[in-house]
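Please open the model in the viewer and keep the sequence alongside. The tour proceeds from one selection to the next.

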Amino acid sequence: MLIAGFPAGAWGTNCYLVAPAAGEECVIIDPGHQAAQGVEEAIAKHRLKPVAVVLTHGHLDHVASVVPVCGAHDVPAWIHPADRFMMSDPEKALGRSIGLPLLGELTVGEPDDVRELADGAELKLAGLELTVAHAPGHTKGSVTFRMPEQTDVPSVFFSGDLLFAGSIGRTDLPGGDHGEILQSLARVVLPLDDSTVVLSGHGPQTSIGRERATNPFLREVAAGLGDGTQEPAPRRGM
């Protein structure tokens, strides 16, 4: 399996291109702010053919390049319906203005083909299997994508802004809810095997085992102490 990832734009959002191997079809995860050039470079380097864009949530730093990327390759974008409005109205999702200079760099709106994700859906795209889990808390429509374990390859978990190395997603923006994100951690993350590789929306790669042992939020949830009263996580991204 091939996973080509890079941090993009002002918020360093991780964009991933996933394919069975070089020279094959691929899925693009979270092409955010200023990600289009990096996407094209990865496609050329690995000789990939995109078939879909899939989005962990609707914040601008994860969706800002959806329109040009989908348009360039004539592919659909998948997003949870609760976050779909954010593609056309990013400022409403943030509860504040993001600034005219930044807006001037963006193509705000939906691509021609938008499809909606549902909890538990099994997406079969580009020869890959992606299991969708609705994981609200960072936004109402946050989701994760999990790929099953293969021979000599552990399961891979694209956590979006639910789980980071050493932290979790911020919950102080519209649609965020700290108690809800803790519930999502308990329901979606804790059942995963320790060997599962975590590729998050911001920051470095980690594993479920490492986060279970060291992440203070996940440890409290695992101990049954996560009741929504603890201090919010350090901010990453939007």
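Leaving aside its neighbours within four places in sequence, which residues is N14 in contact with? Select N14: the residues in contact with N14 are F6, P7, I29, D30, S200, G201, H202 and G203, where contact means heavy atoms within 4.5 Å.

Before continuing, note that this is a predicted model, in which local features need pLDDT of at least 70, side-chain atom pairs count only at pLDDT 80 or more, and totals for chains, interfaces and linings use all residues. Residues are numbered from 1 along each chain as its sequence is written, and side-chain values use heavy atoms, with hydrogens and water left out.

**Around N14**

Stay on N14 and display its side chain, which reaches the backbone oxygen of S200 at 3.0 Å. N14 has a relative accessible area of 9% and is therefore buried; buried means under 20% relative accessible area, exposed over 50%, and partly exposed in between, with a 1.4 Å probe and protein chains only. The place of N14 is in strand β2, residues 13-19. Helices (H or I, at least four residues) and strands (E, at least two) are DSSP runs, numbered from the N terminus.

**Strand β2 and its hairpins**

Extend the selection to the whole of β2. Of its 7 residues, 7 are buried. T13, C15, L17 and A19 point one way from the strand, and N14, Y16 and V18 point the other way.

Next, add β1, which runs antiparallel to β2 and is joined to β2 by 7 bridges. Two strands pair if DSSP finds at least two bridges between them. Within this pair, G5 stands opposite Y16. The two strands form a hairpin with 4 residues between them, and G9 in the turn has a positive phi of about 75 degrees.

On moving to β3, one finds 3 bridges to β2, again with an antiparallel course. Y16 stands opposite I29 of β3. β2 and β3 also form a hairpin, here with 5 residues between them; G23 in that turn has a positive phi of about 85 degrees.

**The sheet that holds β2**

Now colour β1 to β6. These 6 strands form an open sheet of mixed pairing, in the order β1-β2-β3-β4-β5-β6. β1 (2-8) and β6 (114-116) are the edge strands, each pairing on one side only. Neighbouring strands of this sheet are turned by 25 degrees against each other on average, direction ignored; axes are lines fitted to C-alpha atoms, for helices over the stretch in contact, and angles run from 0 to 180 degrees between N-to-C directions.

Select β4 (residues 49-54) and β5 (residues 77-79): they run parallel and are joined by 2 bridges. Here V54 stands opposite W78 in β5. Helix α3 packs on the sheet, touching β3 (25-29), β4 and β5, and its direction makes about 150 degrees with that of β4.

**Helices α1 and α3**

With α3 (residues 66-73) in view, add α1 (residues 36-46): the two axes come within 9 Å and cross at roughly 35 degrees. The contact is made by A36, V39, E40 and I43 of α1 and by V69, A72 and H73 of α3. These residues divide into 5 nonpolar, 1 polar and 1 charged; Ala, Val, Leu, Ile, Met, Phe, Trp, Tyr, Cys and Pro count as nonpolar, Asp, Glu, Lys and Arg as charged, and the others, Gly among them, as polar.

**Cysteines**

Return to β2 and select C15, which counts as buried because its relative accessibility is 0%. The closest cysteine sulfur lies in C26, 9.5 Å from that of C15, so the pair is too far apart for a bond. The structure holds 0 disulfides, a disulfide being a pair of cysteine sulfur atoms within 2.5 Å.

**The sheet from β7 to β14**

Finally, select the open sheet of 6 strands in the order β7-β8-β9-β10-β13-β14, whose pairing is mixed. β7 (122-125) and β14 (206-207) each have a single partner strand, so one side of each is left without a neighbour in the sheet. β10 (residues 156-160) and β13 (residues 197-200) run parallel, joined by 4 bridges, and the bridge partner of V156 is V197. Helix α6 (residues 178-189) packs on this sheet, touching β8 (128-134), β9 (143-147) and β10; its direction makes about 145 degrees with that of β8.

Terms used
Polar contact = N/O pair within 3.5 Å; in protein donor to acceptor, adjacent residues only side chain to side chain.
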